[in-house]
Amino acid sequence: MSDIETSPRKPGPWDATPAPSPARDTVPDSAVVEPAEKDQSLVWALISTGLMAGFLWWISGSVVVAAAVLVGLFVHEAGHVLAMNRLGMGPARIYIIPFLGGLAKARRAPKSEWHGVLVALAGPAFGLLAMIPFVAVGLALRQPEWLAGAFFVALLNLVNLVPAPPLDGSKALGPVLTRVHPRLEQVVLLIIGAAVVVWGLTTGRYILAAFLALSVFAHLKRGVWRAAWGTLSWPEAGRSLALYLLVLILCAGAALGALLPMTEGDPAAAVRLGLRYLGV
């Protein structure tokens with residue numbers, strides 16, 4: 001998950017009165033710089049990581065699966081950070097949020113919505129690399145637990161592509177929907193977000209459901225807000241949609257591929273096994 005929501009703050013009583021500026025489609029080179037934040041202390045970083053590892057072990061019942069998801073989480077966020085730094089939004093940092101996941105925090109706003117889309121998709125795409133060691137060990141030792149760990153790494157990235165706030169899918173697909181109509185993003189993300197909340201409640205993922213419910217509520221209150229950035233051009237919207245679908249297919253294919261050795265190469269059985277993991 002990446003934090004690239006950069007709506008300008010309201011001027012304080014000691015701020016200079018901002019001069020009116022003409023409408024523009026992209027954020028200028030002097031993009032808004034967020035106030036400097038203190039780095040996460042080493043002690044708190046270790047505590048957060050330990051709490052997250054313990055939580056993953058508790059819900060999975062497997063040290064290998066917990067380790068796989070934790071590694072996948074760091075690699076996923078590293079993908080966001082690399083993209084942020086490459087696009088001039090850094091120095092970006094990774095924060096671990098106990099019981100919820102991770103966050104890549106940018107120092108500067110993206111210069112355009114197209115850059116925002118690239119940052120959002122960099123996490124799921126790069127995060128698939130974390131599967132490699134677990135697939136290799138699983139195939140070498142013929143231990144399904146390691147392949148299950150690889151599956152959950154792919155699932156972590158796949159779930160992040162769901163277009164529900166605040167997941168990466170909402171930041172990648174949202175601008176495309178806004179290009180069609182300013183209200184379309186709000187409506188679609190609200191419907192999908194509500195569906196994900198219901199799924200979380202019906203499958204016992206109560207912490208995730210509560211977190212997403214709060215995010216969906218905040219999204220609803222904001223209404224149409226992306227106009228502050230401008231909108232993607234139609235060619236950029238087409239490229240954004242194509243990249244989103246490509247990363248979605250890669251993550252889904254990786255998840256299925258991790259389960260195939262466990263089902264003797266039967267794709268239908270692998271799909272059923274994956275759905276069972278999802279509680280469907």
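Helices and strands are runs assigned by DSSP, with at least four residues for a helix and at least two for a strand, and they are numbered from the N terminus. The legends below describe a predicted model.

**Figure 1. Overall view of the predicted protein and its elements.** The protein contains 10 helices and three strands. Read from the N terminus, these elements follow the order β-α-α-β-β-α-α-α-α-α-α-α-α. Of the 280 residues in the protein, 43% are buried. Among contacts with a separation of 6 or more, 70% join residues that lie 24 or more positions apart. The accessible surface amounts to about 14,500 Å², and carbon and sulfur atoms account for 70% of that surface.

**Figure 2. Close-up of a nonpolar patch on the surface.** The patch is formed by Val43, Trp44, Ile47, Leu51, Phe99, Leu100 and Ile207. Together, these residues have about 620 Å² of accessible area. Helix 1, which spans residues 42–60, supplies the largest share of the patch, namely four residues.

**Figure 3. Close-up of phenylalanine 99 in its loop.** This loop lies between strand 2 (93–97) and strand 3 (101–105). Phenylalanine 99 has a relative accessible area of 38%. Because this value falls between the limits of 20% and 50%, phenylalanine 99 is classed as partly exposed. Phenylalanine 99 is also one of the residues of the nonpolar patch.

**Figure 4. Close-up of alanine 106 and histidine 80.** Alanine 106 is located in the loop that connects strand 3 with helix 3 (113–127). Its relative accessible area is 7%, which is under 20%, and alanine 106 is therefore buried. Although alanine 106 and histidine 80 are 26 residues apart along the chain, a distance of 9.0 Å separates their C-alpha atoms.

**Figure 5. Close-up of the buried residues of helix 10.** Helix 10 covers residues 267–277, and Ala269, Ala270, Leu273 and Gly274 are buried within this helix. These four residues lie on the same side of helix 10, because they cover an arc of only 140° around the axis. In general, an α-helix has 3.6 residues a turn, so residues three or four places apart point the same way. The buried residues of helix 10 pack against helix 5 (144–160) and helix 9 (234–259).

**Figure 6. Close-up of the start of helix 10 and the residue glycine 279.** At the start of helix 10, aspartate 266 places a side-chain oxygen within 3.1 Å of the backbone nitrogen of alanine 268. Glycine 279 follows helix 10 and has a positive phi, near 80°.

Key:
Residues are numbered from 1 along each chain as its sequence is written. Side-chain values use heavy atoms; hydrogens and water are left out. Patches are made of residues with over 30% relative accessible area and no salt bridge: like charges are joined within 9 Å, nonpolar side chains (Val, Leu, Ile, Met, Phe, Trp, Tyr) within 5 Å. Accessible areas come from the Shrake-Rupley method with a 1.4 Å probe; for residues, only the protein chains shown count as cover. A salt bridge is a side-chain nitrogen of Lys or Arg within 4 Å of a carboxyl oxygen of Asp or Glu. Buried means under 20% relative accessible area, exposed over 50%, partly exposed in between (1.4 Å probe, protein chains only). The arc is that of the directions from the helix axis to the C-beta atoms. Contact means heavy atoms within 4.5 Å. A polar contact is a pair of N or O atoms within 3.5 Å; within protein, one must be able to donate a hydrogen and the other to accept it, and residues adjacent in sequence count only if both atoms are side-chain atoms.
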